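This report examines selected features of the structure shown below. It treats one helix, the pockets and one loop residue in turn.

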Amino acid sequence: MVVPRPLLQPLVPRLRRLLPGLAMSSATGSFSLQQPLNYRGGARLQPADGGQVEEVYEPATGRVIAKLLCSGEKEVDLAVQSAKAAFKEWSQKSGMERCRVLLEAARIIREQRDEIATLETINNGKSIFEARVDIDISWQCLEYYAGLAGSLAGEHVQLPGGSFGYTRREPLGVCAGIGAWNYPFQIACWKAAPALACGNAMVFKPSPFTPISVVRLAEIFTQAGVPKGLFNVVQGGVATGQFLCQHPDVAKISFTGSVPTGVKIMEMAAKGIKPVTLELGGKSPLIIFSDCSLENAVNGALMANFLTQGEVCCNGTRVFVERKILDTFTKEVVKRTQKIKIGDPLLEDTRMGALINRPHLDRVQNFIKQAKEQGAQVLCGGDLYVPDDPKLKNGFYMRPCVLGNCTDDMTCVKEEIFGPVMSILPFDTEEEVVERANNTKFGLAGGVFTRDIQKAHRVVAALNAGMCFINNYNVSPVELPFGGYKASGFGRENGRAAIEYYSQLKTVCVEMGDVESVF
């Protein structure tokens, strides 16, 4: 089914109200943005310094849709100082006052769900179907931490002789958030919601590939009633990120991205003794036992590999299948993969859009080429895809790929591809597959499909991974903490656990009698 373009047109006036400087229709290939992409002190503006210009692409068409002015050291400092000033006011508000503002921000996002999802799809390339889910998770995240804001408290401890002690949970100050390009708006909410609920301010730097939607989040926070400057946006690449991480008034850094960049951020944070949260890469195992529900396991494997064109850090790209069902499972996965609708991400029936940019598409293609050279068999896909629509001919598309005849020592099995490439590996015993699943430097996620619930719990307990799934995959409820082991990082997003990473404890000891001196 092809959805007629007129059905998308009602979004046009609403998008223009959201972004007055926007020249576009909601049709793919007609978006153009001239507005500034920095946000400081409650307004969009051009950076005070920097000068370097980056082109921002629409992945579906390969068109340049905006020019990004990178922020220099002066602009980063101005953003941090603006956040620092707003922090003084915000940190003195009660939890319930912060709760009401976050709830209002969640309401606005929910109300503007379709418009924000459209911006996300245009700039990221993922299907509008998925983008709407991302926006739903975003407002749910704000609602969740709004609910926690009024309950943040320390504890009272009774001491001998009527003395007592208590703890205070206090904000850190100005937090730096550095986002990734696969979930631009959602990641910003995952970082901002707990930070603001705890009373912090934030300066956020999105990926230079996807700078557009996060600025809309900043506007929503201002509209909802946060002090101007509480959530600022600086744009740029490596240099801008370095200025932000090294700034003496930044109290904490939360980063989502690659392992090499995570290492550099840890080094910079160490020099300032700053706490960090790192959500890094993965090469997660998905274990399919022969006693599974086959249809459910196939659905899980597709969800674990092909969401957002495979550009998901926790994807279960090493699919271990018990040998008894290897042929049956593989045949069904290939059949289902070949039916995935690729193309214009703004069409309602599209399930796979375009990869983020040409260099990344080339990188994924090189992984597939290397896999074939090392003996893997391409069971389907892996080649470039050119949609029939002439507007999309320069987009960054490929067919989702399933690799068979894989072994643990192949590059495609060991390294994170970050594209729609599934590697299938046979196994014979539970003990064997657990050992092989853990034989990786990563530890972000893992999944198990089986009808034997005792086996399921036993296996996930043995997996060295921070997020595990039983008979499902890539489910991201905001109530549950998300994060990794080993090279996949540390710290947690979401759940109550995130509160620990955006606050600090102060201990107060109160003596009710006279001090007994030993001098």
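In this predicted model, helix α5 is largely enclosed by the rest of the structure, because 17 of its 22 residues are buried, that is, under 20% relative accessible area. From its first C-alpha to its last, α5 reaches 32 Å, close to the 32 Å expected at 1.5 Å a residue.

Helix α5, which spans residues 128-149, also takes part in a pocket: together with α6 (184-197) and α10 (294-306), α5 supplies at least two residues each to the lining of the second largest pocket. The largest share of that lining, 5 residues, comes from α5. In total 31 residues line the second largest pocket, and those nearest its centre are E130, Y183, M303, L307 and N474.

The largest pocket has a volume of about 1,100 Å³. Its lining comprises 44 residues, of which F255, G257, S258, V259 and T261 are the closest to the centre. Four elements give two or more residues to this lining: the helices α8 (238-246), α9 (259-271) and α12 (358-373), and the strand β12 (250-256). The largest share, 8 residues, is provided by α9.

The volumes and lining classes of the two pockets are set out below.

| Pocket | Volume | Nonpolar lining | Polar lining | Charged lining |
|---|---|---|---|---|
| Largest pocket | about 1,100 Å³ | 19 residues | 15 residues | 10 residues |
| Second largest pocket | about 750 Å³ | 18 residues | 6 residues | 7 residues |

In the largest pocket, the lining thus includes 19 nonpolar residues beside 15 polar and 10 charged ones. For the second largest pocket, the corresponding division is 18 nonpolar, 6 polar and 7 charged.

A further point concerns a loop residue. G62 lies in the loop that joins strand β5 (50-58) to strand β6 (63-71). With a relative accessible area of 22%, G62 is partly exposed, since the buried class requires a value under 20%. Apart from neighbours within four places in sequence, the residues in contact with G62 are Y57, N394, G395 and F396. As for the relation of this loop residue to A149, the two C-alpha atoms are separated by 42 Å, and G62 and A149 are 87 residues apart along the chain.

Technical notes
Residues numbered from 1 in each chain as written. Predicted model: local features only at pLDDT ≥ 70, side-chain atom pairs only at ≥ 80, totals over all residues. Heavy atoms only, no water. 1 Å grid on protein atoms, 1.4 Å probe; cavity = no way out; pocket = protein on both sides within 12 Å on 5 of 7 lines; lining within 4 Å. Points joined across faces, edges and corners; volume = space filled by probe spheres on them. Nonpolar A, V, L, I, M, F, W, Y, C, P; charged D, E, K, R; others polar. Expected span 1.5 Å × (residues − 1). Buried < 20%, exposed > 50% of the residue type's maximum accessible area, 1.4 Å probe, protein only. Contact = heavy atoms within 4.5 Å.
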